[in-house]
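The following questions and answers guide a first-year student through a protein model. Please keep the sequence and the structure in view while reading.

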Amino acid sequence: NSATGSEPLSRMENKRVYNLVENLCMSQGMKMPKINIINDDSLNAFASGINERTYTVSLSRGIIDKLNDQELEAVIAHELSHIRNKDVRLMIVSIVFVGIFAMLAQMAMRSVYYSSMSRRRDEKNNTAIIIVLVMVVAAIGYFFSMLMRFAISREYLADAGAAEMTKNPLALASALRKISADPDIEAVKREDVAQLFIQHPGQQAKRALNGLSGLFATHPPIEKRIQVLEQF
């Protein structure tokens, strides 16, 4: 996948990862997803897909090499929880529609700008149309901002699902602490793709809950997630 720098991981290449995924899937009665590896020494992971044929768990080389078996199992369980709960399908659909919203918003802003520069007789009519368009776009934006807020709660639910699968919430807390120290995957440039990861893989993570970007943040602060897991 060019957006994440990932490629399929063969069973022979990393039997450890395959065994962890396979054992978790068997315990939950889930069909085993595809497994991809991201060629980056940073620590991160994400799940993707819209059905059983396309469900995929992608793990960075760094997260495989730097986490112990219990921590890696917990991360995999988190991503499998997203698949089991259909969160990955929701996020992909949301990403598509948020992209449409962003395009409409940009078109509306351009229309407002060019209308303000116009001095034609029908200016009042054009302005009224633009105001209606802006209101529609704003309504769409509000709806999807609420959907993103819902996605935040799904992160907590996936953390809880991982704790339930592994019976070891402290392993995921430990993994998240290590991930938070180095989550930056260099190949990830697009914000919509970044939102799929267990932790935002770019410098934007430091600003994820500030300003306008906070409306579309899909991850709660990792410190809060760790705190919840430690109290699980």
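Q: Which pattern does the protein follow when read along the sequence?
A: The model discussed here is a predicted one. It contains eight helices and four strands. Read along the sequence, these elements follow the pattern β-α-β-β-β-α-α-α-α-α-α-α.

Q: In what order do the four strands form the open sheet?
A: The pairing in this open sheet is mixed. S1 and S2 (residues 34–38) pair in the antiparallel sense over three bridges, and S3 and S4 pair in the antiparallel sense over four bridges. The order of the strands is S1-S2-S4-S3.

Q: Which strands stand at the edges, each with a single partner strand?
A: A strand with a single partner has one side left without a neighbour in the sheet, so such a strand stands at an edge. In this sheet that holds for S1 (6–8) and S3.

Q: By what angle are neighbouring strands of this sheet turned against each other on average?
A: The value is an average over neighbouring strands of the sheet. With direction ignored, the angle is 25°.

Q: Which residue in S2 stands opposite Pro 8?
A: S1, which spans 6–8, pairs with S2 in the antiparallel sense. Opposite Pro 8 in S2 stands Asn 36.

Q: Which strands does H3 touch where it packs on the sheet?
A: H3 covers residues 69–84. The direction of H3 makes about 150° with that of S4. The strands that H3 touches are S3 and S4 (56–60).

Q: Are the side-by-side residues Ala 45, Phe 46, Ala 47 and Ser 48 of S3 buried or exposed?
A: Ala 45 and Ala 47 point one way from S3. Phe 46 and Ser 48 point the other way. Despite these opposite directions, all four are buried.

Q: Which residue in S4 is the bridge partner of Phe 46?
A: Phe 46 lies in S3 (residues 45–48), and S3 pairs with S4 over four bridges. The bridge partner of Phe 46 in S4 is Ser 58.

Q: Why is the pair formed by the rings of Phe 46 and Phe 197 called tilted?
A: A pair of aromatic rings is described by the distance of the centres and the angle of the planes. The count comes to one aromatic pair, and the centres of its rings, those of Phe 46 and Phe 197, are 4.6 Å apart. Planes under 30 degrees apart would count as stacked and planes over 60 as edge-to-face. The pair is tilted because its planes stand at 45°.

Q: How many residues apart in sequence are the parts that this aromatic pair ties together?
A: Phe 46 is in S3, whereas Phe 197 is in the loop between H7 (191–194) and H8 (222–230). Phe 46 and Phe 197 are both buried. The pair therefore ties together parts whose separation in sequence is 151 residues.

Q: Which element gives the largest share of the largest nonpolar core?
A: In soluble globular proteins, nonpolar side chains tend to be buried together. The largest core here has 40 residues, and those with the most contacts inside it are Leu 59, Ile 63, Val 75 and Leu 80. The largest share of this core is seven residues, and the element that gives it is H3.

Q: How many residues does the second, separate core have?
A: This core includes Ala 3, Val 193, Ala 194 and Leu 196. Its number of residues is 10.

Q: Which backbone nitrogen lies 3.5 Å from a polar atom of the side chain of Ser 81?
A: Ser 81 is in H3, and it counts as buried because its relative accessibility is 0%. Beyond its neighbours within four places in sequence, Ser 81 is in contact with residues including Asp 87, Ala 158 and Met 165. The backbone nitrogen in question belongs to Ala 162.

Q: Is Lys 167 buried or exposed?
A: Lys 167 is in the loop between H5 (123–166) and H6 (169–181). Its phi is near 60°, a positive value in a residue other than glycine. The limit for the exposed class is over 50% relative accessible area. With 66%, Lys 167 is exposed.

Technical notes: Residues are numbered from 1 along each chain as its sequence is written. This is a predicted model: local features need pLDDT of at least 70, side-chain atom pairs count only at pLDDT 80 or more; totals for chains, interfaces and linings use all residues. Side-chain values use heavy atoms; hydrogens and water are left out. Helices (H or I, at least four residues) and strands (E, at least two) are DSSP runs, numbered from the N terminus. Buried means under 20% relative accessible area, exposed over 50%, partly exposed in between (1.4 Å probe, protein chains only). A polar contact is a pair of N or O atoms within 3.5 Å; within protein, one must be able to donate a hydrogen and the other to accept it, and residues adjacent in sequence count only if both atoms are side-chain atoms. Contact means heavy atoms within 4.5 Å. A nonpolar core is a set of buried Ala, Val, Leu, Ile, Met, Phe, Trp, Tyr and Cys residues joined through side-chain atoms within 4.5 Å. Rings of Phe, Tyr and Trp (its six-membered ring) pair if their centres lie within 6.5 Å; planes under 30 degrees apart count as stacked, over 60 as edge-to-face and the rest as tilted. Two strands pair if DSSP finds at least two bridges between them. Axes are lines fitted to C-alpha atoms, for helices over the stretch in contact, and angles run from 0 to 180 degrees between N-to-C directions.
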